[in-house]
Amino acid sequence: ENSVPTWKLRLMSFIFDPQPGATLKAGAQTLSGVAFNDGAARLETLLVSFDRGQSWRQAALQSPASPYAWYPWAIQAELKPGTHQVWCRAIDALGWSQPLDGTIDWNPNGYQWNGVHKIEVTVR
């Protein structure tokens, strides 16, 4: 009773590299991941934040041959020593984007969750 059918996939993005909790060397780093949706609209933008959503940088987003495939993305960043929370957020051609607060569309199995993906890394 607290869920709806999940026929369509919501807009999603994930950080694959580095992994959550990773320890990185200070300096230039390449971060990468994927974004996807149900194929109803082309993904146009992948944004990455290194300051908990205060500012966003556009990553390079590759368009796949199929509208139902993953869109790989990558971004270069100059990371200074400290603990960093990295966020990623996809936006499609219709202007839909992932919500900053992923609890808005919570459901028991998590199928409707599509909040901004967040990881924390340590830079030494």
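Let's start with the first sheet. It is open, with four strands in the order β1-β3-β7-β6, and the pairing is antiparallel. Edges next. β1, residues 12–17, and β6, residues 60–61, each have a single partner strand, so one side of each is left without a neighbour in the sheet. Keep in mind that this is a predicted model.

Now walk across that sheet, pair by pair. β1 meets β3, residues 27–36, through five bridges, in the antiparallel sense. To find the register, take Met12: its bridge partner in β3 is Phe36. Next comes β3 against β7. That pairing is antiparallel too, over nine bridges. Here Thr30 has Gln76 of β7 as its bridge partner. Last in the row, β6 and β7. They share two bridges, again antiparallel. Leu61 is bridged to Trp73 of β7.

Stay on β7 for a moment. As a general point, side chains in a regular strand alternate between the two faces of the sheet. Which residues of β7 point to the buried face? Tyr71, Trp73, Ile75, Ala77 and Leu79 do, and they are buried. Pro72, Ala74, Gln76 and Glu78 point to the other face and are not buried. Put that next to the bridges. Trp73, the partner of Leu61, is on the buried face. Gln76, the partner of Thr30, points to the other face.

On to the second sheet. Five strands this time, in the order β2-β9-β8-β4-β5. This sheet is open as well, and its pairing is mixed. Its edge strands are β2 and β5, each pairing on one side only. At the β5 end, β4 and β5 run antiparallel over two bridges. Val48 has Arg57 of β5 as its bridge partner.

Between those two strands there is a loop worth a look. β4 covers 43–49 and β5 covers 57–58, and Arg52 lies in the loop between them. Arg52 has a positive phi, about 60 degrees, although it is not a glycine. Is Arg52 buried or partly exposed? Its relative accessibility is 47%, so Arg52 counts as partly exposed.

A second backbone feature sits in another loop. The peptide bond from Asp17 to Pro18 is cis, with omega near 10 degrees. Pro18 lies in the loop between β1 and β2, the latter being residues 23–24.

Pro18 also leads us to Ile119, since the two are in contact. Ile119 belongs to strand β9, residues 117–123. At 3% relative accessibility, against a cut-off of 20%, Ile119 counts as buried. What does Ile119 touch, leaving aside its neighbours within four places in sequence? The list is Ile15, Pro18, Gln19, Pro20, His84, Gln85 and Val86. One distance to add. Cys88 is 31 residues away from Ile119 along the chain, and their C-alpha atoms are separated by 9.1 Å.

Finally, the largest pocket. Its space comes to about 340 Å³. It is lined by 15 residues, and the closest to its centre are Leu9, Arg10, Leu11, Asp92 and Trp96. What is the make-up of the lining? Seven residues are nonpolar, three are polar and five are charged.

To recap: an antiparallel four-strand sheet, a mixed five-strand sheet, a cis bond before Pro18, a positive phi at Arg52, and a pocket of about 340 Å³.

Technical notes: Residues are numbered from 1 along each chain as its sequence is written. This is a predicted model: local features need pLDDT of at least 70, side-chain atom pairs count only at pLDDT 80 or more; totals for chains, interfaces and linings use all residues. Side-chain values use heavy atoms; hydrogens and water are left out. Two strands pair if DSSP finds at least two bridges between them. Buried means under 20% relative accessible area, exposed over 50%, partly exposed in between (1.4 Å probe, protein chains only). On a 1 Å grid over the protein atoms alone, a cavity is a set of points where a 1.4 Å probe fits but cannot get out, and a pocket is an open set with protein on both sides within 12 Å along at least five of seven lines; lining residues have an atom within 4 Å of a point. Grid points are joined across faces, edges and corners, and a volume is the space filled by probe spheres set on the points. Ala, Val, Leu, Ile, Met, Phe, Trp, Tyr, Cys and Pro count as nonpolar, Asp, Glu, Lys and Arg as charged, and the others, Gly among them, as polar. Contact means heavy atoms within 4.5 Å.
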